[in-house]
Amino acid sequence: MRFSTAAILAFSVAGCASAAVAPANAPAPSASPAPGSGNPPSEATPPSAISSPREWPELRQAFEAERITGTIALFDSQDGVLGCSDLKKCQEAVIPASTFKIPHSMIALEAGVVEGPDTILPWDHKQYSVDAWNQDLKFRDAFRLSCVPCYQAIARRVGEAGEQEWLTKLGYGNRNISGGVDKFWLWGGLRISALEQIDFLRRFDGDKLPISSRTADLVRDIMTIDVTENYVLRGKTGSASPPEEEREVGWFVGWLELGPRRIFFATRIDSHAAGVDPAPVRRAVTERILKSKGWM
């Protein structure tokens with residue numbers, strides 16, 4: 001099944017809004033000594049020690065159980081093992097959709113387009129299919145609600161040259177911004193694989209990106225989905241249906257913090273059975289796998 005344009009927008013926000021977000025009065029996970037400091041972690045395995053990706057076909061059972069197809073890439077910082085349920089799919093680069101809001105948030109902060117998480121992004125008074133977008137939004141809420149027009153406005157302010165410069169600096173995907181300054185990550189030329197998502201997230205959490213510590217801390221904070229006594233879950237969903245592709249693209253990328261240990265994941269679904277809501281299933285299949293490995 002493919003997404004219509006309206007469904008893409010609704011799918012994008014539903015996946016984020018359905019996720020449990022840390023309550024407003026909870027301590028910032030980045031400042032809490034447990035379960036993860038997040039500022040920055042001590043990583044047990046240096047990049048040079050990572051083995052080649054292993055294929056774990058047994059993980060495909062989780063996709064079958066959810067009645068979807070796709071793949072997941074996983075990296076455990078403790079033992080340095082990088083695994084994929086379907087190695088070929090993990091290596092395939094596709095549109096990042098709203099997972100690009102992770103680096104895009106860094107760009108917005110570093111370029112000075114947005115000052116902080118409570119910066120107000122004004123509504124343009126156009127009517128969007130997602131009701132939550134039809135209002136002024138704080139930057140953190142625009143991320144959580146996956147507000148497409150909010151980030152399109154940010155992209156126009158950063159400008160084509162600025163976006164290209166930052167994609168190159170961050171080493172994100174194929175660095176291709178063709179298709180329009182406010183569309184390249186949705187329907188344009190930007191592509192990234194599940195393995196590249198893992199690499200980018202590891203460099204981010206390992207403080208290896210050319211961004212300030214303030215920007216890194218703020219983006220970690222707005223990425224927070226769930227905080228428990230045992231772990232912190234940070235991530236971002238995304239969905240798209242590029243016109244040249246006869247399939248859907250649904251993402252859930254991020255990491256699980258277990259003290260200083262990190263479990264990075266990049267889940268991508270490419271089809272779902274009739275009657276399956278693709279919005280929550282991205283996170284559901286990811287958590288099913290994380291639990292099966294004893295990490296949640």
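**Exercise 1. Confidence and overall make-up**

What is the mean pLDDT of the chain, and what percentage of its residues reach 70 or more? Find also where pLDDT stays under 50.

Solution. Start with the kind of model: the structure is predicted. The chain has a mean pLDDT of 86, and 80% of its residues reach 70 or more. Next, look for the weak stretches. Over residues 1–42 pLDDT stays under 50, and the model has 103 contacts beyond four places in sequence for them. Residues 44–49 also stay under 50, with 11 such contacts. Where pLDDT is low, the predicted coordinates should not be read in detail. Finally, take stock of the chain: it contains 10 helices and 9 strands. Of its 296 residues, 57% count as buried. Among contacts with a separation of 6 or more, 69% are between residues 24 or more positions apart.

**Exercise 2. Strand β7 and its partners**

Determine how β7 is placed and which strands pair with it.

Solution. Step one is burial. Strand β7 covers residues 232–240, and 9 of its 9 residues are buried, so the rest of the structure largely encloses this strand.

Step two is the direction of the side chains. In a regular strand the side chains alternate between the two faces of the sheet. In β7, V232, R234, K236, G238 and A240 point one way, while L233, G235, T237 and S239 point the other way. Residues of both sets are buried.

Step three is pairing. Strand β6, residues 224–227, is antiparallel to β7, with 3 bridges between the two. D226 has L233 of β7 as its bridge partner. The two strands make a hairpin, with 4 residues between them. Strand β8, residues 249–258, is also antiparallel to β7 and is joined to it by 9 bridges. Here V232 is bridged to E257 of β8.

**Exercise 3. Helix α10 from end to end**

Describe the span of α10, the residues at its ends and its buried positions.

Solution. First compare the span with the expected value. Helix α10 runs over residues 278–292, which is 15 residues, and its first and last C-alpha atoms are 21 Å apart. This is close to the 21 Å expected at 1.5 Å a residue.

Then examine the ends. At the N-terminal end D277 acts as a cap, with a side-chain oxygen 3.1 Å from the backbone nitrogen of A279. Just after the helix, G294 has a positive phi of about 80°.

Last, list buried positions. They include P278, V281, R282, V285, I289 and L290.

**Exercise 4. Cysteines**

Which cysteines are joined by a disulfide, and what is its handedness?

Solution. The structure has 1 disulfide. Its partners are C147 and C150, with an S to S distance of 2.4 Å. The torsion about their S-S bond is about 70°, so the disulfide is right-handed. Both C147 and C150 are buried. Two further cysteines can be checked for burial. C84 has a relative accessible area of 0% and is therefore buried. The value for C90 is 0%, so C90 is buried.

**Exercise 5. The surroundings of S105**

Is S105 buried or exposed, and which residues contact it beyond its neighbours within four places in sequence?

Solution. Locate the residue: S105 is in helix α4, residues 101–110. Its relative accessibility is 0%, so S105 counts as buried. With neighbours within four places in sequence left aside, S105 is in contact with F139, F143, Y151, V219 and I222.

Definitions and conventions
Residues numbered from 1 in each chain as written. Heavy atoms only, no water. Buried < 20%, exposed > 50% of the residue type's maximum accessible area, 1.4 Å probe, protein only. Pairing = 2+ DSSP bridges. Expected span 1.5 Å × (residues − 1). Polar contact = N/O pair within 3.5 Å; in protein donor to acceptor, adjacent residues only side chain to side chain. Disulfide = S-S within 2.5 Å. pLDDT = per-residue confidence, 0-100. Contact = heavy atoms within 4.5 Å.
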